[in-house]
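Q: Could you take me through one part of this protein slowly, one sheet together with what packs on it? I would like the terms explained as you go.

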Amino acid sequence: MTSPPASISPTEAPWDQSFHDLMPNRVREVLLVSSGYDAFILEEDGRLSERIFTEYSELNLSNAPRITHASTGTAAMNMLSERRFDLVLTMARIPDTDVSAFARRVKQRWADLPLVLLVLTDADLLQLPGGYDPQVIDHVFWWTGDARIMLAIIKLIEDRLNVAHDLETGVRAIIVVEDSIRYYSSFLSLLYVELMKQSESLVAEGLNDLHRLMRMRARPKVLLARTYEEALALYDRHRASVIALISDVRFPRNGEEDPNAGYELVKAVRAREPDLAVLLQSAEPGSAEKAQELGTSHADKKSPNLLRDLRHFVTEALGFGDFVFRLPDRTEVARARHAYELEQQLRTVPAASIEYHASRNHFSHWLTARCMFSIAKKLRQWKAADFGGPEAIRTFLVDSLVEARHRQQEGAITDFSSHRAGPIMQFVRVGKGSIGGKARGLAFVSSLIARHKVAHRFEGLHIKIPHSVVVATEEFDQYFETNHIFAGGRDNLSHATVHDRCMTARFSGDLRQKLRRAVAPLEGPLAVRSSSMLEDSQLQPFAGIYATYMLPNNHPDPEERFSQLCRAAKAVFASTCSEEARAYIARTPYHIEEEKMAVLIQQLVGRAHGNRFYPHVGGVAVSYNYYPVGHQRAEDGLAMVALGLGQTIVQGGMGIQFSPRDPSVLPQFGSAQDYLRHTQRQFAALDLSQTEVDFRSREGATRLYELSEAEEDGTLGLVGSVYCPDDDAVREDLRLRGPRVVTFHNLLKWNALPLAPALAQLLTLVREGMGCAVEIEFALDAGDWGRIAPTGLRPRDPTLYVLQVRPQATPIIDGMVEVEGFSADRILCKTHRSLGHGIIEGLRDVVYVKRSNLQANETPDVAAQVGELNARLVAQKRPYLLVGPGRWGSSDPRLGVPVKWSQIAGARVIVETAFEDRVVEPSQGAHFFHNVTSFRIGYLTIADATRLADGEQLVDDAWLAAQKVEAETAEVKHVVLDEPLRVLLDGRRSRGAIVKPAGG
């Protein structure tokens, strides 16, 4: 005998992935064939369709069928020839034919089309002398005016059409045996409604609306039999899936009515399955006692408590109610309302209780009702004894439930429910409305990771998203409206005014209660991030435009911690009215009134080191490399990484750039000394010594630290090296003396962790999933890599967290653009590093920085001066050429001019020139860079002053200085040209040129 099963394997879907395929055959179009009078009786002045729709709505069923009426058999045949119908519903009286003849004509042409006869009186049955032929009439129902009978007809037909397919996935079946048309017509309407309601009661355990809808599809199928032989054949055909038998006592057996047929049927099926749940229903004397002898449930057909008895049977016998743990003597020892409680109770209940329930398939029934088909199927396939005892069953169940719970959450957005108790969820939505672009991208990549089983694909490195809670946009609308934030007119209010009003206004009591419970499981520092409806779209990413706050979340008073979280969310709301947001949205087709904000709250990735909290690595990866060098290809992508928080990269700071396809080659470093000049000197971390947060500053509690402090924390070893001046070499041994440099050699050259291949896989997966080039923000927590875990604690596994995903703007290349062939005196600027494609004409205004020897303490003042000139030009609607040294938009003043978006929003073309004394490579991972490319702003880069005269790169500073000055500050000059410039951008070869006016 083979060994008993382990918990569900990673390749098995625990329950939900098969839901999409359930019930492929639905009844959506019904043809009603009847005389005008019978149709009038059914419609009751046109109310039948309305009542069917109402019945569907009350049971939360979708797609109520549409009913079309045909008044004659001839008209019905014509309609069937012209349109598709899923069900023919015919009355006994048809004006131009008899019902049996009509049914035969239909079945001759459409053999698989279900046809149901609806009778109103006993007289209608006289239209069928000798009874009806089940070969041409599938069912006969008695119409009492109750719209639930129509529901029962439709669902019975759907169950028959789908039973073979759905039972293969794990759905169960109930066999109903009854030969009385009048009785089963009313009884099936009761049974279906009860099954729907019981299924709906379990729907609350679904994570979200989609999960809940899918659960409704997985209710047990109902199969109707009218004779002993038909019932036994159904049972034998679907034995592995039959969960219950509901039977009359008196019905045909061997061609004759048998008063004991029901009892004999019970004996026959119980011989095959001793623990099958059975309900005998009869009004005959002695039936209750006989049912007790047979060990079945009993219901009196004529009792006013029939519905109560049916509900009790469905709830208890079919597993819809609580799981009640009992000992063999029926003593209750524990109770579980849902799967997570079952998991918890299984850890402690007596072994005797586990053995008692396992031997009777109680676990299997209960889990099937909750659509956990994989576990239920294995439990049914193996007998209790096959596991090797109750403790082995306990282990199997607990492990399987944990595994199923984790897989259920993978890639899913869980709607917050104040009634759901359980473990921390991966991604929770609070409120209604959109979750915004940032949260939507994160949820999408989470679903990709789950669907493609990437989480554990790389040995030694897990891949996941952080635990996240998102407050949906409906709360944004309600908050601003209820608190009258825009009183006085939105356009008339400054950002400071809106911010102050937001900070003093209150969230609704309902939101505060839900948010408090939703974030309660999130321990440690938190990131509170914007997720607006327009954010991270393909054309307008809004990268870095709205606010993000990092909270230490360490105030000793829990109420103050929650208050800080609420204030951070309010500040994110207020950032929709910031100067940056207004300037950005002014360049889009949208109006600021159209914007709505969701708020994404995430556990911050990293680890506390004394008063510092940060990950080992933060960075950005893009699937399209704008500046490939050497053997790199644009389509191989690029990754930019830094020690510490990823803000170093997204704000344009210093980091390491590499191709995920070939990470060992770092072409930006030509010599060992280049590492001293062009790598990180500091790293960003969250300062845990601060318990208060300044919500007027986007920096919040983050600050910069020296590399020596990372070495003290033990984090530099993974990414750092030592420059050895004696032999001018870089070595990965921090025991050596010499300056520390951040090289990432241990990760990229020596493969300490499979970071590069994991990023390459993610870029491919997300690019294919989104159908365009993509950008991924990520953080790496190396766990206990390189250290011994504390005694008694499980080692923390290295984990790569995906923090954000957005489309990446790529060049639109249409037509040829020739940048060569101009004489040197006609060229203002020329480079082999440009972005964009096409010809830009009409630029008469140039704003340029006068000096290339700016120091770090001077560039912030330059940013302010550029902002003043930009504001004037934007107000006059004069697009301009912007020229200046280093990275525009970098937060590191050593690397360039740290402008905000609003300070250069009017620029049509930007030129990054070289510093006089240092080389700065363009950063493709910065928010600023992403916004520039998405707006198709022409971008030309000259990174190395030593190459200005080689013919490949040049800027004619002397010509600019000779032009007519319109405005000038200490470091910036605005000149106006008599004739416009021509900007030529060849996106195919990344070459660009700015041509002076003829004769200029």
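A: The part chosen here is an open sheet of five strands, whose order is 9-8-10-13-14 and whose pairing is parallel; helices (H or I, at least four residues) and strands (E, at least two) are DSSP runs, numbered from the N terminus, and two strands pair if DSSP finds at least two bridges between them. At its edges lie strand 9 (221-225) and strand 14 (297-299), each of which pairs on one side only. Neighbouring strands of this sheet are turned by 20° against each other on average, with direction ignored. Axes here are lines fitted to C-alpha atoms, for helices over the stretch in contact, and angles run from 0 to 180 degrees between N-to-C directions.

This is a predicted model, in which local features need pLDDT of at least 70 and side-chain atom pairs count only at pLDDT 80 or more, while totals for chains, interfaces and linings use all residues. Residues are numbered from 1 along each chain as its sequence is written, and side-chain values use heavy atoms, with hydrogens and water left out.

Within the sheet, strand 8 (residues 173-177) pairs with strand 9 in the parallel sense over five bridges, and I174 stands opposite V222 in strand 9. Helix 11 (residues 287-294) packs on the sheet by touching strand 13 and strand 14, and its direction makes about 165° with that of strand 14; contact means heavy atoms within 4.5 Å. Helix 12 (residues 306-317) also packs on the sheet, where it touches strand 10 (242-247), strand 13 and strand 14, and the direction of helix 12 makes about 170° with that of strand 13.

One residue of interest beside these elements is E273, in the loop between helix 10 (261-272) and strand 13 (277-281). E273 is buried, with a relative accessible area of 16%, where buried means under 20% relative accessible area, exposed over 50%, and partly exposed in between (1.4 Å probe, protein chains only). Leaving aside residues up to four places away in sequence, E273 touches Y235 and N361.

For the wider setting, the protein has 32 helices and 45 strands, and of its 1000 residues 58% count as buried. Among the contacts in the protein with a separation of 6 or more, residues 24 or more positions apart account for 73%.
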